[in-house]
Each structure stands twice: as C-alpha cells, then as structure tokens.
Amino acid sequence: MNNKKKTAFILLLSGKGERLFSEIHVKKQFYLLDDQKMYLYPLKTALNSSLFDEIVIVVDKEDFQSVKLEISSLFPDEHILITCGGNTRNGSVYSGLKELEKYHVDKVIIHDAARPFLYESILKEMILKLDSFSSVSCYIPVYDSLFDKSEEKYLNRDEKVLIYTPQGFDYPQIKKIFDDGFDVKSTDDFSKALKADLSHDLLRAKPLLFKVTDADSLEMAVLFVKAFKKYIAKKFL
C-alpha cells in the first residue's frame, strides 16, 4: 500500500502591486526579469523539484486567459491548475486551497510570485518538517539594529526575525482555518496557524528570497537574476 503523502504548491500571482506599478506600468509578477516573467522563476523551481503532486497558480480574473495560454504553451506536458483569486491576498490563498479540494492533498506549500528566487532545497526541507509540524514558515535573522520610531527606543534584534514565504501547512488544517473564517488584516498564513494553535516550526532561509516591492528591490532582482537562472536551468530553459 502506498502511504506517500500528496503535496501541493500554490503560487500567488494575483494583485497589482501599487507601489511598483506606477513606475513599471505592469504588474510586477509579469515584469520581465532578464528574458522571462518574474512568476516563472518560482514556478520553474517547483516544477524542476518534482516534489509536488499538484501545482496551482492563482491569478486575477483579468489575467486568467493570458496566463492559461502562456502556461499551456510553455509547459504542455505539465498538469498545472489555474484559478482566479479574490480581492485580497487572503481571498486568493483561499481560492487556491479550494481548487485542491478534490485532489486529497496532505501538505501544501504557499508562495508569493513576488519572491522569485526560490530554491529547491528550501522546499525539500519544508516538506520534511511538515511530517512533524502542522505549519512551517521561512525566516531570516535580523542583522541590523532595530529602532521603534513610535517608542523612540532600540529593540533586541536577537529576539526578532523576518518572516518570508514559502510557508507550508497540513492541508486539511489550514483549509479548515479558512473555511471557518479568518482575520482579513493578517498579512500571511503562518500567523493564522499560530492563532489557531497549530504545531509550528521555522526554517531558516536566505536573504536572496527577498520580496520585490519597490524600485530598489526590483533593481536587486535584476542584478541577481542571471546567477539564479544558472541554478534553475536544469530542465526548463
């Protein structure tokens, strides 16, 4: 009897990214980094890894047809689900989770396309941790001094970390959290797991998993992308 747990990957492409859109005039997930769109980098990492039984891409309704055509053209032999997101990140995550309902998934990894430089090693470690914990988030330590402007005092950086995606979950448990309602103000899914008292752990990532949010971080991505392409060019060139 095969007891292998089924694992899914949700990639979030929805949202306009207002801070950067006014400068580049395109949604950042579709911005050309070198010669391909930003969202294709984490997608190719997931595909190259062969770790996932199901992959879901969540897009804005207005982008559904164009992304569907692009995916079918670039990856004709891959089974990739595409669904429309909601008005918020929370709504989009929920759309991705609901898309997986009929596939009997045990574990799910959720990642933002605005973090293009996703490494396979992180995905492997996260999936392994989900054998022991119901929720896992990437993090990086804080190396710089932290100053609270409102309190006008320094904070102890040794007690603080930066939370990144990907984040991984026991699928039935995170799906139930969303089914039961969720705090629309929460900015990620790991915070929901903590509030629901799910067992949890952290996985140290690398600063290169940074999120593209503004012109400065986009410039960093442009500088780094050629090196990253050498890493992912194992199967999908």
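Serine 49 counts as buried, because its relative accessibility is 8%, and the cut-off for burial is under 20%. The model is a predicted one. Serine 49 lies in helix 2, which spans residues 40-49. Its C-alpha atom is separated by 8.3 Å from that of leucine 123. Along the chain, serine 49 and leucine 123 are 74 residues apart.

Strand 6 was examined next. This strand covers residues 107-112, and six of its six residues are buried, so strand 6 is largely enclosed by the rest of the structure. In a regular strand, side chains alternate between the two faces of the sheet. Both faces of strand 6 are covered. On one side, Lys107, Ile109 and His111 are buried. On the other side, Val108, Ile110 and Asp112 are buried.

Strand 6 pairs with strand 1 (residues 7-12) in the parallel sense. Six bridges link strand 1 and strand 6. Within this pairing, isoleucine 10 has isoleucine 110 as its bridge partner in strand 6. Strand 6 is also joined to strand 10 (residues 161-170), here in the antiparallel sense and by four bridges. Isoleucine 110 appears again in this pairing, standing opposite glutamine 167 of strand 10.

Helix 3 (residues 64-74) has the buried residues Phe64, Val67, Glu70 and Ile71. These residues lie on the same side of helix 3, because they cover an arc of only 135° around the axis. Gln65, Leu69 and Ser73 are exposed, on the face of helix 3 turned away from the buried side. The buried residues of helix 3 pack against several elements. Among them are helix 2 and strand 3 (36-37). Strand 4 (54-59) and strand 5 (80-84) are also packing partners of these buried residues.

Ile71 of helix 3 also features in the nonpolar interior. The largest nonpolar core holds 48 residues. Of these, Phe9, Tyr39, Leu43, Ile57 and Ile71 touch the most other members. Leucine 43 was then considered without its neighbours within four places in sequence. On that basis, leucine 43 is in contact with Leu11, Ile55, Ile57, Ile71 and Phe75. A second core is separate and has 21 residues. Its members include Leu81, Phe169, Ile177 and Phe178.

Definitions and conventions:
Residues are numbered from 1 along each chain as its sequence is written. This is a predicted model: local features need pLDDT of at least 70, side-chain atom pairs count only at pLDDT 80 or more; totals for chains, interfaces and linings use all residues. Side-chain values use heavy atoms; hydrogens and water are left out. Helices (H or I, at least four residues) and strands (E, at least two) are DSSP runs, numbered from the N terminus. Buried means under 20% relative accessible area, exposed over 50%, partly exposed in between (1.4 Å probe, protein chains only). Two strands pair if DSSP finds at least two bridges between them. The arc is that of the directions from the helix axis to the C-beta atoms. Contact means heavy atoms within 4.5 Å. A nonpolar core is a set of buried Ala, Val, Leu, Ile, Met, Phe, Trp, Tyr and Cys residues joined through side-chain atoms within 4.5 Å.
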